Every structure is written in structure tokens, then in C-alpha cells.
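I opened this entry to look up the overall build of the chain, one helix pair and one pocket. The notes below keep to what I looked up, in that order.

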Amino acid sequence: MALRHAVLAALLDGEYSGYQLAKAFDIGVANFWHALPQQLYAELAKLEKEGLVAGREVVQETRPNKRLFKVTDAGRAELEAFAAAVARPSFIRDDLLVKVQVADRIGTASVIEQLEDRAHAAEAKIDLLGNLLRQLRGGMDEDDFLRRGDRIGPYLTCLRGLAFEREHRDWCLRIAAVLKDRETNHAER
């Protein structure tokens with residue numbers, strides 16, 4: 001998947017400025033694709049040049065003018081082709097795992113601290129995703145929303161993000177405890 005597909009997917013929900021797109025990414029798309037605001041602006045320019053999004057300028061009296069972008073028919077066709085293509089398997093690429101891999105050879109204090117920090121960050125994201133899921137459901141319970149909700153895609157990806165963050169938090173806490181226990185046992189010898 002390329003950033004272009006994540007941007008096109010985010011723009012399916014409406015017409016957004018670059019700033020609004022960055023906010024939408026932070027709330028929803030960031031569960032499965034991370035991008036910095038400057039990457040989003042650059043990608044919007046490329047997509048517009050390729051005719052996959054259309055931009056228009058909105059004149060504002062008290063603030064600088066802004067550009068709003070929406071997906072074109074060509075952009076929708078690009079997304080449909082992307083959705084029809086076979087997805088490659090996902091993989092983990094995380095520098096913290098390299099640190100855990102070598103922790104018993106280089107010392108564990110720093111790694112334990114980083115694991116605990118990562119667990120706290122995951123906890124904050126769990127809270128954010130839980131709130132977002134409630135907001136997306138409105139007044140519906142989850143089973144009812146999953147059967148009859150209007151826009152199910154963002155909800156389903158948010159569920160995946162929530163499951164990932166919970167598992168990641170639990171793994172970090174478990175590995176930090178294992179390393180602490182090994183440190184204590186090693187010191188007692």
C-alpha cells in the first residue's frame with residue numbers, strides 16, 4: 001500500500017483541506033498508516049497533478065485562503081483497483097524489538113523503561129480509540145452498529161487498531177516484567 005491509497009481512502013468521506021486531512025489521519029487512518037502532515041501535503045499535490053483528487057480554493061476573510069480536496073472518478077477507480085489487488089502479508093518492523101532481542105547482552109534498564117513508556121502510550125491510544133468507536137456508533141450498541149451502521153469501514157479499522165494497541169500494551173508490560181524478574185534473579189545469584 002502506498003500513502004496515496006490511504007489519502008484517497010480518507011478523502012472518500014468528504015472534501016478536506018490539508019489540515020483537516022491531517023486531523024482525520026490522526027484520528028482514524030493512523031491506526032493503520034502513519035504519515036506526517038508535510039507528507040500528506042506533498043501527496044495531495046501529487047494526487048491532484050495525476051487527476052486523482054480535485055482541489056479548489058476557498059477564500060476566507062479573516063484567515064488565509066485554503067484549498068479543499070475531494071476524490072475524483074479517476075481516484076475512485078484507483079482505489080477500486082487497489083482494493084481488488086491481492087494484499088501482501090503484513091510484517092513487524094520495530095526498533096524496540098531489536099532492543100529486546102539484545103537486552104540480555106547489553107543491559108535491561110533502558111529497555112524496560114522504553115517498554116513501560118510504550119505500554120503507557122498504547123494505553124492512551126486505547127482510550128482514544130474507545131472514544132472514537134463510541135462516537136462512530138452514536139447511540140447504537142456495537143452488534144447493532146455492525147449490522148446496520150451507515151459507514152462501517154472506519155469502525156472496522158478502528159477495531160483492528162484497538163486490538164493491536166491492547167495486545168501491544170500487554171506484551172510490553174509482560175516483557176518488562178520478565179526482564180525485571182530476570183534482573184532480580186540474576187542479582188540474587
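My entries on this structure follow.

Entry 1, overall build. I am working with a predicted model, and I began with its secondary structure, where I found eight helices and three strands, running α-β-α-α-β-β-α-α-α-α-α from the N terminus on. I then looked up the radius of gyration, which is 21 Å and thus well over the 16 Å that the globule rule gives for 189 residues, so I noted the protein as more spread out than a compact globule. Taken along the principal axes, the box filled by the C-alpha atoms is roughly 70 × 45 × 40 Å.

Entry 2, helices H6 and H8. I looked up how H6 (residues 109-137) packs with H8 (residues 153-188), and noted an angle of about 155° with the axes 8 Å apart. Because angles over 145 degrees count as roughly antiparallel, I entered H6 and H8 as roughly antiparallel to each other. Their crossing is left-handed, and the contact of H6 with H8 has 22 nonpolar, two polar and 10 charged residues.

Entry 3, the second largest pocket. Which residues lie closest to the centre of this pocket? I first noted its volume, about 240 Å³, and then found that, of the 10 residues lining the pocket, Asp104, Thr108, Arg182, Glu183 and His186 are the closest to its centre. Helix H5 (95-106) and H8 each supply at least two residues of the lining, with the largest share, five residues, coming from H8. By class, I recorded two nonpolar, four polar and four charged residues in this lining.

Definitions and conventions:
Residues numbered from 1 in each chain as written. Predicted model: local features only at pLDDT ≥ 70, side-chain atom pairs only at ≥ 80, totals over all residues. Heavy atoms only, no water. Axes fitted to C-alpha atoms, helices over the stretch in contact; angles between N-to-C directions. Helix = DSSP H or I, 4+ residues; strand = E, 2+ residues; numbered from the N terminus. Parallel < 35°, antiparallel > 145°, perpendicular 65-115°, else oblique. Left-handed = near helix turned anticlockwise from the far one by under 90°. Nonpolar A, V, L, I, M, F, W, Y, C, P; charged D, E, K, R; others polar. 1 Å grid on protein atoms, 1.4 Å probe; cavity = no way out; pocket = protein on both sides within 12 Å on 5 of 7 lines; lining within 4 Å. Points joined across faces, edges and corners; volume = space filled by probe spheres on them. Rg over C-alpha atoms; globule rule 2.2 N^0.38 Å.
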